[in-house]
Amino acid sequence: MHRYICAGCNQEIGPGRFLSCLGSVWHPQCFRCKACGDPISGSQFALSGSDRYHKECYRDLYHPKCEVCHQFIPPNSSGLIEYRAHPFWGQKYCPLHEKDSTPRCCSCERVEARDARFVSLDDGRKLCLECLDSAVMDTHECQHLYHEILDFYEGMNMKISQSIPMLLVERQALNEAREHERDGYHHLPETRGLCLSEEQTVSTVYRKPKASRSNPVGSMRKESLRLRRQCEVTAILVLYGLPRLLTGSILAHELMHAWLRLNGELPELLNPAVEEGICQVMAHTWLESQIGSSGGSSSSSSGGKQKPKSINNDRFQEFFLHQIAMDSSPAYGDGFRAGHQSVVQFGLSRTLEHIKLTGSFPV
Ligand SMILES: [Zn+2]
Ligand SMILES: [Zn+2]
Ligand SMILES: [Zn+2]
Ligand SMILES: [Zn+2]
Ligand SMILES: [Zn+2]
């Protein structure tokens, strides 16, 4: 009589039930799932190479799950599994969440997961709790950071001695102020900062004390301010509610516009790729100088005691650097890359001299 040897345990299979599969025979209890280790009964199982899995276990392992709705990402009309993934965070989600009004954080671009709600800012923007953790909400609070950036300019031998007001504003106020400026070049789709040259009345934001657990953002107070021209630059405006690192990099960007206007002798109209490019170089340089910074130290905290599971502050810094470096727009992205290359090759002061003389980056 032929003797059957189990491919699982190498023991003889005596009388009784056995399975025949993959050209071998098995004790039923030896035919096990590679993932969970339990026997596979029934005729449905998944194979990967010679490894056997329960269908469900295989799906758990290999079928991508959506990080927004936490369901398996459904196949598209051609039967393929198609998902979106953020280029930096790698967050995977169903394509439909781009159209079903799932909120996206206005700072880090991640999409709101169903079980981790974002907070709403008064002007309609959404902010994730990790970005909220170091968000700068109040014009008074932000002055300290503003002075850090001014010191950074002084440290680069680019002291800005005129005193320029710096105000935090809501999105609508920023867009209105932008429309009142003569030179209308700006970052699409969303402007986050502005260097004003015109006399305007601007509505600025302050936070009322005190944020509570039920209202982690706190309530905001607005105040209108008439800006008078004391020099070529009337004010720096920055969107409120953004994390300290992002707020600082926007300030560094806008202060470069200010520096260019105040240190004049520029060609009449600077090519946007040169002007925005060198401003982004300054934002990038400041961000790089913040390695290991504590994040929330000089700004607000969100108030509530419970901290969201925190992504390392360094990851946010990397993200903001990545955003500048990978920007696809001709002015900000190509401009930054050309400016960065020039500064690496010739140094900042020679690059600035060259811009003053020719309106272009040295090559
Ligand atoms: Zn066996
Ligand atoms: Zn299993
Ligand atoms: Zn989903
Ligand atoms: Zn965020
Ligand atoms: Zn700019």
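This report walks through two zinc sites and one pair of packed helices in a predicted model.

Some ground rules: residues count from 1 along each chain as its sequence is written, while chains are lettered from A and ligands numbered from 1 in the order in which they are written. Local features need pLDDT of at least 70, side-chain atom pairs count only at pLDDT 80 or more, totals for chains, interfaces and linings use all residues, and side-chain values use heavy atoms, with hydrogens and water left out.

**The zinc sites**

Let's start with the metals. A donor here is an N, O or S atom within 2.8 Å of the metal (3.2 Å for Na, K and Ca); water is not among the atoms, so sites may look incomplete. Four donors are called tetrahedral if all angles lie between 85 and 135 degrees.

| Zinc ion | Donors | Distances | Angles |
|---|---|---|---|
| ligand 1 | C6 (SG), C9 (SG), H27 (ND1), C30 (SG) | 2.1 to 2.3 Å | 97 to 115 degrees |
| ligand 2 | C33 (SG), C36 (SG), H54 (ND1), C57 (SG) | 2.0 to 2.3 Å | 100 to 115 degrees |

The site of ligand 1 comes out tetrahedral, and its donors are spaced C-x2-C-x17-H-x2-C along the chain. Within that set, C9 and H27 tie together distant parts of the chain, 18 residues apart: C9 sits in the loop between strand 1 (4-5) and strand 2 (12-13), and H27 in the loop between strand 4 and strand 5. (Helices, H or I with at least four residues, and strands, E with at least two, are DSSP runs numbered from the N terminus.) How accessible is C9? It's partly exposed at 29% relative accessibility, whereas H27 is buried at 13%. Buried means under 20% relative accessible area, exposed over 50%, and partly exposed in between (1.4 Å probe, protein chains only).

Ligand 2 also has a tetrahedral site, with donors following C-x2-C-x17-H-x2-C. Here C36, in the loop between strand 4 (24-26) and strand 5 (46-48), pairs up with C57 in helix 1 (residues 55-62), 21 residues away. C36 is partly exposed at 39%, and C57 is buried at 18%.

UniProt, in an unreviewed entry, lists residues 4-64 as "domain: LIM zinc-binding"; such annotations may be inferred rather than shown by experiment. That span is 13% helix and 26% strand, with its end C-alpha atoms 40 Å apart.

**A helix pair**

Further along, helix 6 (residues 272-288) packs on helix 8 (residues 330-346) at about 65 degrees, with axes 7 Å apart. Axes are lines fitted to C-alpha atoms, for helices over the stretch in contact, and angles run from 0 to 180 degrees between N-to-C directions. Helix 6 and helix 8 are therefore roughly perpendicular, a label covering 65 to 115 degrees.

Note on methods:
Tetrahedral: all angles 85-135°; square planar, octahedral: opposite > 155°, others 65-115°. Parallel < 35°, antiparallel > 145°, perpendicular 65-115°, else oblique.
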